[in-house]
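Colleague: I should be grateful for an introduction to this structure. May we proceed by question and answer?

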Amino acid sequence: MLNPQWISLSIEILAATILVTAFIIVSSRSLLFYVRLFAMQSILLGAVALLVVIGYGETHILIAAALTIVVKGIVIPSALTKVIDKIKVRKEIDFTVNITTSLLICALIVILADSVARPILDQQQVSDLAVFRVLPVSIAIMMIGLFIMIARKQAVSQIIGLLTMENGVFLSGLSITYGMPLIVEIGIFFDIFVAVLILGVFVFRINQTFDTISTDILRKL
Amino acid sequence: MEYSLLLNDVLFAFLIGGFSFGAGFSLFFVKQQASNTSQQYNNLNRIKNFGFGFAVLASISGCFLSFLILLTGVPYHFEIIQTLPFGVLAIHIDQLSAFFLLAISLLGTAVSIYSFGYTKEFIQRRNISLMIFLYNIFLLSMVLVIISGNGVLFLILWEMMSLTTYFLITYEHEDSASRKAGILYIVMTHIGTAFLVVMFVLLAGYAQSFDFGAFRSVRDQIPDSIKTIIFLFALIGFGIKSGVIPFHIWLPEAHPAAPSNISALMSGVMIKTGIYGIVRVSFDFLGPGPAWWGILILFIAVVSSVLGVLYALMEHDIKRLLAFHSIENIGIILMGVGAALLFSSFGYKAPAAVALLAGLYHVMNHAMFKGLLFLGAGSVVHATHTKNIDELGGLAKKLPWTMLFFLIGSAAISALPPLNGFISEWLTFQALLLGFNIPDLAVKLAIPITVALLALTGALAAACFVKAFGVTFLGLSRSSHTNDAHESSFSMLAAMGLLSLVCIVLGIFPGTVISFIAPVTSSLLGENISALSVFNGGSIAIQQGAGNGISPMVLIMLLGGMVLLPIVFGFAFAGKIRKRISMIWACGLENVNPRLQYTAAGFSKPIRMIFSNIYRSSHEIEVSEETSTFFKKTIRYELKTESIFQKYFYDPIRKITVSGAMIVRRIQTGRIQSYLTYIFITLILLLLFAR
Amino acid sequence: MKEFIDTLFVFSIQLLVMLFLAPLVNGIIKKTKARLQNRRGASIIQPYFDLAKLLRKEVVIPVTSSWIFRVTPYIAFASTLAIVLLVPTIFAPVPFHWVGDIITVIYLFAIARFFVALAGIDAGSAFGGLGSSREMSIASIIEPAMMLAIFTVAVTAGSTDLSIIVNRLSTTPASMVHPSHVLAFIGLFIVTIAETGRIPVDNPATHLELTMIHEAMILEYSGRYLAFIEWASQIKLLIFLSLLANMFVPIGMAADVSSISLIIGIAAFTIKVFVLAIIVALIETLNAKLRLFRVPELLMVAFVLSLIALILYFIIGT
């Protein structure tokens, strides 16, 4: 076993980096960039899960970790990249909330997430374990994902928002219970995977029908 | 220390006597109007020299008096009269008063010297004796406000100060802008006074006296709710005087309207009487309160400083620009004060002492460099007769000394080391850093935001002064205003030189300066600052686990040494420098038109775009006489920025007041009988109540 | 006496290394960019030749300018060199660390910027004003992010003194890598790119009116004056890189003047700086220059990351 202090430190740093990727997603405009950042985020998340496996011997997460890296880190991003290539929409152009304000709101979200999670952490008296201490980060990532869905209009960004939320859920699962039971994880994965496939097809169809993937237009249906 | 007390008496007599005599004697000549005869001109000139001479004398003795008090630590007490209802009407100069007295006297000395030359042009145009009278009374009332030891006396003098200021703002009364500014000022300041009256009455209700000492002694008997009301009323009342946002609207109108020597005093020290009041009430009378007092002050401070500098960036009128910077700097001062209040409410006395020290240091610094800048602006306006910097440019060659002094002032206000502005901002940053030790979430959120916005303010101020200095003094002249510009007279330059020197000394010897301010903070907080910091002569250090300090004195030596290095290196490497004077590159144009240059509006455009949410600016482009699409005769470009406070704070208040007044108007019939009826009804009601 | 000689030695090594490494770092960035763009590129020591050439050339002074224009190169160079003496590069602590802390460093950069911006206006051309205006605007929105990123490290180390920050981190390695440092590092990296005028904020290689920022400001400079201004900005880049390297990865700093620790110190420093320089070149190649009014968004990222870093320091714990 490695030095547990280093393990927890690495987990914290990875969590911080995941937060950074979420912020960069919020700050950018290019759809392809979203997808790449999401892939990176998922791989980092997989690394966190692997560290939990190594550090705490929770081997049942191993599969979830591998699935995260493979499915969310490679398969889904490449599928989305293909969709983007086909629909030829590369940039998010108009926003519900502009980027500067979005970033400030996300900063507030992080602060809020901390104030929500802090009582839980204090209560459980577990704050010496790093995995628990990433709880605020995971809540923040969930909320940022939701916020991306609110702030962006393109269908691809909506998908990215959803996936970011899911990453947050996975991280919080890791943090609270060292990962959810495998069957639940696999279920979620299946859900997500199917959702992305269906959404991808939808995006493609929407684009064909309306010449845009802005979800604004869907109101007219 | 018997001798020093005697000396104190003498100095005090000179201080008060000088101003009073200067004012009194000029009253005899108030009827004398200037005519063209040289005889009368000379007479008035002599009167002017006498009048300001007294002011200089009084100010210098004020400097010495405050020095003595700060050095010895013995407060100066002087009882005027024992009145029954209000307690002892007394003058009491403790450390805090002495510190503010020092700021007023130092700036007073410089401005009085400046006025010798500056007011010369008034002799033929205006009533110079009136100017001398008001000037002396103004300084006298400011000094007395700071040193009075009784609430009633304070209020009387406060009112005297406000009224003199009003007359000085409207000194150039044929200008309708001045009259409007005066009215706005007098309305705002009276609203403030109303709050202060209530505040003092509340305090006196518990103390059974208006004596400041009595206020202090009942500190613990006042219930918290009343304390909060007193605090809020003091904040509004004094806040209006110091021009914090949202009570700032009078400031950018009033300061430019007054003659420049008066603007220097108003901006340099008069608005500091508001700070004095806030410090006096919240630290001395009330003592540490709940944490939200500090947070509230910090909030006001942050808003004032950021919005102050942002609005300043949009100004082209050099004096309005400086006035907005006063709002910004009051914000920076209040950051220190607010942080001190916040820290002391958690019982962190030593960090609070550092924070208060930072605030007070900035009081002194701002008095000096803002005074200097207003005097410099005065010289520019004096020489060119325009306040619009877009009509200036290239004054560097015509007013070389003014330019140098204005540059020092600009560098100081932009907090460039090793000038004084840097020291106080450094101290503020350090104080905020110390606050991180406080285990409270609100504090830990408030501090990073304050730090970030203080950094933003500092950088924007630098941008603004690159604009103000660059557009005014550098490049090519933009209009004919600068054609016969001439350097100011010796007394004006001497005054600016004096202030520049003070700015440099305050920057290079922070340790010495702090040893003068430290007694003030320790008298207010009961905690010696040396618990946390080391200061001697040219270096200071704040200790927080590990020491971290700066030594501006060594820094300036290093900078000096490093300037030599490129010169020597260049010479050794490639010999003597060869220079050629040539035209500038203008994309191949032969003759360079000064209109090629960026204007002040152009300079600040990126910032206007970046902060467009705050400015809500709108611009109008009007093109006239189009002969073809490419050759336009004239283009008019008008830019408006909207003040959010004007629109969302003052306009509603004004509307409510006006509609309220319409209702009240019905009572006012204009018939004497109905008024008598009102009095009659009031009497009967009173009798019923008093039964 | 021994102490004095040591101090003098450290002092001169520090100065010399920074003076003569700066053009090399610049050369490396240019070379890396060239290779990444499938160009051969100039030799990595080309910046030295450029400086030498410029130093020898005649200075052309605009007829409209005042003395501000003539003193600015020296002031900019001197204030940058003064910073060199305060920033730990090879040695920690540096002999003059008590003269100024990290806040002083930031404000010393402001001196150089203030005067160069004034000189831009002083030339009296349209470009100078344009450059000054943009430079000052961008600098002012950089400042909050920079201050917060630096405060994050200062709070961790309990001091704003750079040498103490660097030493504290190297004596207790556990506090060296803190999650909030990741955020602060990225924040400060964006700040570095913006401050030193690299792509995507400013393009150091362009002279196109619409896109120039820093270059527009110094357009009227030539000969020896230009040499000093260019050199100063190369040193500025190196200072920022060494701040990034030594504040966040304080490894291998020489604590004494023995030859072994000196060699390790120089080697560690050059490796760290070169790696960062290559990252800068990578970013320059992968990104296009942003529109001027997109820059605030990028800096907002830096600001928010730094703010979160500071807050995260309390969240994830001390």
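The exchange below takes up confidence, individual chains, the contact between two chains and the core.

Colleague: What ipTM does the predictor give the complex?
Modeller: This is a predicted model, and confidence is therefore a suitable place to begin. For chain C, the mean pLDDT is 87, and 96% of its residues reach 70 or more. For the complex, the predictor gives a pTM of 0.91 and an ipTM of 0.95.

Colleague: How many helices and strands does chain A have?
Modeller: From the N terminus on, the elements of chain A run α-α-α-α-α-α-α-α. The secondary structure of chain A accordingly comes to 8 helices and 0 strands.

Colleague: What share of the residues in chain A is buried?
Modeller: Contacts in chain A may be taken up beforehand: of those between residues at least 6 apart in sequence, 74% join residues at least 24 apart. Chain A has 221 residues, and the buried share of them is 47%.

Colleague: Which helix of chain B supplies the largest share of the side that touches chain C?
Modeller: In this interface, 70 residues of chain B are in contact with 72 residues of chain C. Several elements of chain B each supply at least two residues of that side, including helix 16 (420-434), helix 17 (441-473) and helix 20 (552-574). By class, the side of chain B has 52 nonpolar, 13 polar and 5 charged residues. The largest share, 16 residues, comes from helix 17.

Colleague: Which residue of chain C is the bridge partner of Arg580(B)?
Modeller: Strand 6 of chain B pairs with strand 1 (residues 59-62) of chain C in the parallel sense, over 4 bridges. Within strand 1 of chain C, the partner of Arg580(B) is Val60(C).

Colleague: How many residues of helix 16 of chain B are buried?
Modeller: Helix 16 of chain B has 15 residues and reaches 21 Å from its first C-alpha to its last, close to the 21 Å expected. A residue is buried if 20 or more other C-beta atoms lie within 10 Å of its own. Helix 16 is largely enclosed by the rest of the structure, because the buried residues number 15 of the 15.

Colleague: Which helix gives the largest share of the largest nonpolar core?
Modeller: That core has 441 residues, and Val48(A), Ala103(B), Leu244(C) and Leu299(C) touch the most other members. Leaving aside residues up to four places away in sequence, Leu244(C) touches Phe185(C), Leu188(C), Phe189(C), Thr192(C) and Leu276(C). The largest share of the core, 23 residues, comes from helix 14 (residues 349-384) of chain B.

Note on methods
Residues numbered from 1 in each chain as written. Chains lettered and ligands numbered in written order. Predicted model: local features only at pLDDT ≥ 70, side-chain atom pairs only at ≥ 80, totals over all residues. Contact = placed C-beta atoms within 7 Å. Nonpolar A, V, L, I, M, F, W, Y, C, P; charged D, E, K, R; others polar. Pairing = 2+ DSSP bridges. Core = buried A, V, L, I, M, F, W, Y, C linked by C-beta atoms within 7 Å. Buried ≥ 20, exposed ≤ 12 C-beta atoms within 10 Å, placed from the backbone. Expected span 1.5 Å × (residues − 1). pLDDT = per-residue confidence, 0-100.
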